[in-house]
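Trainee: Got a minute to go through this model with me? I'd like to start with a single side chain and work outwards.

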Amino acid sequence: MSVETPKKTAGKNSNRIVAAVCLAFFTGMIGMAYAAVPLYKMFCQATGYGGTTQRVEKQYAGRVLDREITVRFDANIAGVPWEFQPVQRSMTMKIGETVQAHYQATNKFDRPVTGRATFNVQPELAGPYFNKVECFCFTDTSLKPGETLDMPVLFYVDPDIVNVPELKDVKTITLSYTMFPVEKNKPVASSEPAKGNSKTVSDTEANLGG
C-alpha cells in the first residue's frame with residue numbers, strides 16, 4: 001500500500017488548478033468568439049465606425065437646416081442569386097429632414113433563397129451622422145422563386161454634421177448595401193432562373209428589422 005507524501009499531494013492539486021484555469025480560459029475564448037460578431041455590430045452602430053450608420057429610435061431630428069444634401073444609393077450582391085437595386089439612385093433633401101428611400105430585391109432562381117444585407121456610408125466620417133430609423137439590414141430575408149420584395153429605408157442626416165470641420169462642406173453621401181446569402185443548400189450555378197412567379201411584397205421594420 002502506497003502512501004502519498006505531502007509533496008505528491010501538492011503536485012496533484014497544482015495540476016488540477018492548472019487544468020481548471022486552462023478549461024476556464026478555453027471556455028471563455030469560445031464565448032468571446034460567439035459574442036464577437038454581435039458586439040462588433042453594436043459597436044459599429046453606436047459609433048459609426050468604418051462608415052457604419054447609426055440606428056436611432058426617434059424618427060426626426062431636432063431641427064432642419066436650410067441646406068440641402070444629396071444621398072446616393074448603391075446596391076451590390078455577393079453570391080446571392082437575386083436582382084438587388086435601389087428604386088431611386090439618389091435623392092436630395094434638407095439636412096435634418098426625415099425621408100424614405102426604397103430598395104428592391106427579386107429572387108431569380110427556382111428555389112427559396114435567404115439573404116442578409118450589410119451596409120456602409122461614404123465618406124466614412126459621415127457614418128455617425130447618417131441616422132437610420134427603419135432599415136432591412138442585418139435581417140434574414142427569404143424570397144420564394146420569382147418573388148420581389150420592396151425594402152424601405154427611413155433616415156435623416158444629423159444637422160450636427162455641419163459642425164465637423166472635415167464634413168462641413170460635404171454635399172453628397174453614399175449609402176451602400178451588399179446582399180449576402182445566408183445559406184447555400186446547393187451551388188447557385190446549378191439552379192435555373194425562376195419563370196413567371198413574380199410578385200411585389202411591401203414590408204416595414206415591424207417584420208424586417210434593421
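Trainee: Is F119 buried or exposed?

Mentor: This is a predicted model, by the way. F119 has a relative accessibility of 8%, so F119 counts as buried.

Trainee: And how many aromatic pairs are there in the whole structure?

Mentor: The search turns up 10 aromatic pairs. One of them is F119 with F138: the ring centres are 5.4 Å apart and the planes sit at 65 degrees, over the 60 degrees needed, so that pair is edge-to-face.

Trainee: Where are F119 and F138 in the chain?

Mentor: F119 is in strand 6, residues 113-122, while F138 is in the loop between strand 7 (130-134) and strand 8 (141-143). They are 19 residues apart, and the pair links distant parts of the chain.

Trainee: What does F138 count as, buried or partly exposed?

Mentor: Partly exposed, because its relative accessibility is 27%.

Trainee: OK, and what about the rings of F119 and Y177?

Mentor: Those ring centres are 6.0 Å apart with planes at 50 degrees, so the pair is tilted. Y177 belongs to strand 10, residues 172-181, and lies 58 residues from F119 along the chain. Both F119 and Y177 are buried.

Trainee: Which residues do the ring pairs link into a cluster?

Mentor: F73, F84, Y103, F119, F130, F136, F138, F155 and Y177.

Trainee: What lies over the face of F119?

Mentor: K132 does, at 4.6 Å from the ring centre.

Trainee: Switching to the backbone: what is the strand order in the open sheet?

Mentor: The order is 4-2-10-6-8, five strands with mixed pairing. Strand 4 (90-94) and strand 8 are the edge strands, each pairing on one side only. From one strand to the next, the twist averages 30 degrees.

Trainee: How do strand 6 and strand 8 pair, parallel or antiparallel?

Mentor: Antiparallel, over three bridges. For instance, G115 has T141 in strand 8 as its bridge partner.

Trainee: One last residue: where is T139?

Mentor: T139 is in the loop between strand 7 and strand 8, and F138 is in that loop too.

Trainee: Is T139 buried or exposed?

Mentor: Buried, because its relative accessibility is 17%. The cut-off for buried is under 20%.

Trainee: How far is T139 from R116?

Mentor: Their C-alpha atoms are separated by 5.6 Å, though T139 and R116 are 23 residues apart along the chain.

Definitions and conventions
Residues are numbered from 1 along each chain as its sequence is written. This is a predicted model: local features need pLDDT of at least 70, side-chain atom pairs count only at pLDDT 80 or more; totals for chains, interfaces and linings use all residues. Side-chain values use heavy atoms; hydrogens and water are left out. Rings of Phe, Tyr and Trp (its six-membered ring) pair if their centres lie within 6.5 Å; planes under 30 degrees apart count as stacked, over 60 as edge-to-face and the rest as tilted. Helices (H or I, at least four residues) and strands (E, at least two) are DSSP runs, numbered from the N terminus. Buried means under 20% relative accessible area, exposed over 50%, partly exposed in between (1.4 Å probe, protein chains only). A charge sits over a ring if NZ of Lys or CZ of Arg is within 6 Å of the ring centre and within 35 degrees of the ring normal. Two strands pair if DSSP finds at least two bridges between them. Axes are lines fitted to C-alpha atoms, for helices over the stretch in contact, and angles run from 0 to 180 degrees between N-to-C directions.
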